[in-house]
Amino acid sequence: MDKLKKIIDNGITQNYLSGDITDIRKSLSDYGVDLDENRERQNKLIKQLKFKIRSSINEEKYDILLLKATESFQEAINKGLEKPIAYLNSLIKENRLAVQYSSLDKLSANEIKEIIKDQNLIEIIELLEDEQ
């Protein structure tokens, strides 16, 4: 019985899919479906999905920039480059971080990320690339 029901459902679905869209819309309206309301709901859902996708892409781009800037700062600290170290010290002072950094070479990647978070990462990366 279930197999027969599946065959009938598939037949009805295939009939709708191969039919004229005008006839399908008229049929849906005849069954009481409000097509305008459905269209609005679909458009709203599409907008929400687009926003979430854009947000996810931007978050991923930011994470990549943050990682690149962190690695560049670690490299600059290891090389002892003055300008990036001075810039990092100024960020620590500007942000008035509660954590005491007595020696920059002992900073972990996560600590550097905390310091440069919410800064203009592109500007930081350009500064570091100019110095190296």
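In this predicted model, V33 sits in the loop that runs between α2 (21-30) and α3 (35-79). Its relative accessibility comes to 30%, so V33 counts as partly exposed. That loop residue also belongs to a nonpolar surface patch of about 840 Å², put together by M1, L4, I8, I12, Y16, L28, Y31 and V33. Helix α1 (residues 2-18) is the biggest giver here, with four residues in the nonpolar patch.

L28 is another member of the patch, and this one is found in helix α2. L28 has a relative accessible area of 34% and is therefore partly exposed. Setting aside neighbours within four places in sequence, L28 makes contact with V33 and L35. As for how far things stretch from here, L28 and D130 are 102 residues apart in sequence, and their C-alpha atoms are 64 Å apart in space.

Moving inside, the largest nonpolar core has 18 residues. Which of them have the most contacts inside the core? Those are F73, L88, I115, I116 and I124. Four elements give two or more residues to this core: α3, α4 (82-95), α5 (109-116) and α6 (121-131). Helix α3 gives the most, with five residues.

T70 also lies in helix α3. Buried or exposed, at 1% relative accessibility? T70 counts as buried, because buried means under 20% relative accessible area. The T70 side chain reaches the backbone oxygen of L66 at 2.7 Å. Not counting residues up to four places away in sequence, T70 touches A109, I112, K113 and I116. The last of these, I116, turns up again among the core residues with the most contacts.

The loop between α5 and α6 holds D118. The backbone is a bit unconventional here: D118 has a positive phi of about 70 degrees although it is not a glycine. With a relative accessible area of 66%, D118 is exposed.

Then there are the charged pairs. Side chains of opposite charge can pair when their charged atoms come close. Searching the whole structure turns up six salt bridges, and three of them are described here, starting with two inside α3. R39 pairs with D36, the closest N and O atoms being 3.0 Å apart. Both R39 and D36 lie in helix α3, three residues apart, which is about one turn of the helix. R39 is partly exposed, with a relative accessible area of 40%. The side chains of R41 and E37 meet in a salt bridge as well, at 3.6 Å from N to O. R41 and E37 are likewise both in helix α3, four residues apart, again about one turn of the helix. E37 has 46% relative accessibility, so E37 counts as partly exposed.

The third pair is between helices: E129 forms a salt bridge with K68, and their closest N and O atoms are 3.3 Å apart. E129 lies in helix α6 and K68 in helix α3, so this pair ties together parts that are 61 residues apart in sequence. E129 is partly exposed, with a relative accessible area of 44%, and K68 is partly exposed too, with a relative accessible area of 39%.

Note on methods: Residues numbered from 1 in each chain as written. Predicted model: local features only at pLDDT ≥ 70, side-chain atom pairs only at ≥ 80, totals over all residues. Heavy atoms only, no water. Patch = residues over 30% accessible without salt bridge, like charges linked within 9 Å, V, L, I, M, F, W, Y side chains within 5 Å. Areas by Shrake-Rupley, 256 points an atom, 1.4 Å probe, with all protein chains shown as cover. Salt bridge = Lys/Arg side-chain N within 4 Å of Asp/Glu carboxyl O. Buried < 20%, exposed > 50% of the residue type's maximum accessible area, 1.4 Å probe, protein only. Core = buried A, V, L, I, M, F, W, Y, C linked by side-chain atoms within 4.5 Å. Polar contact = N/O pair within 3.5 Å; in protein donor to acceptor, adjacent residues only side chain to side chain. Contact = heavy atoms within 4.5 Å.
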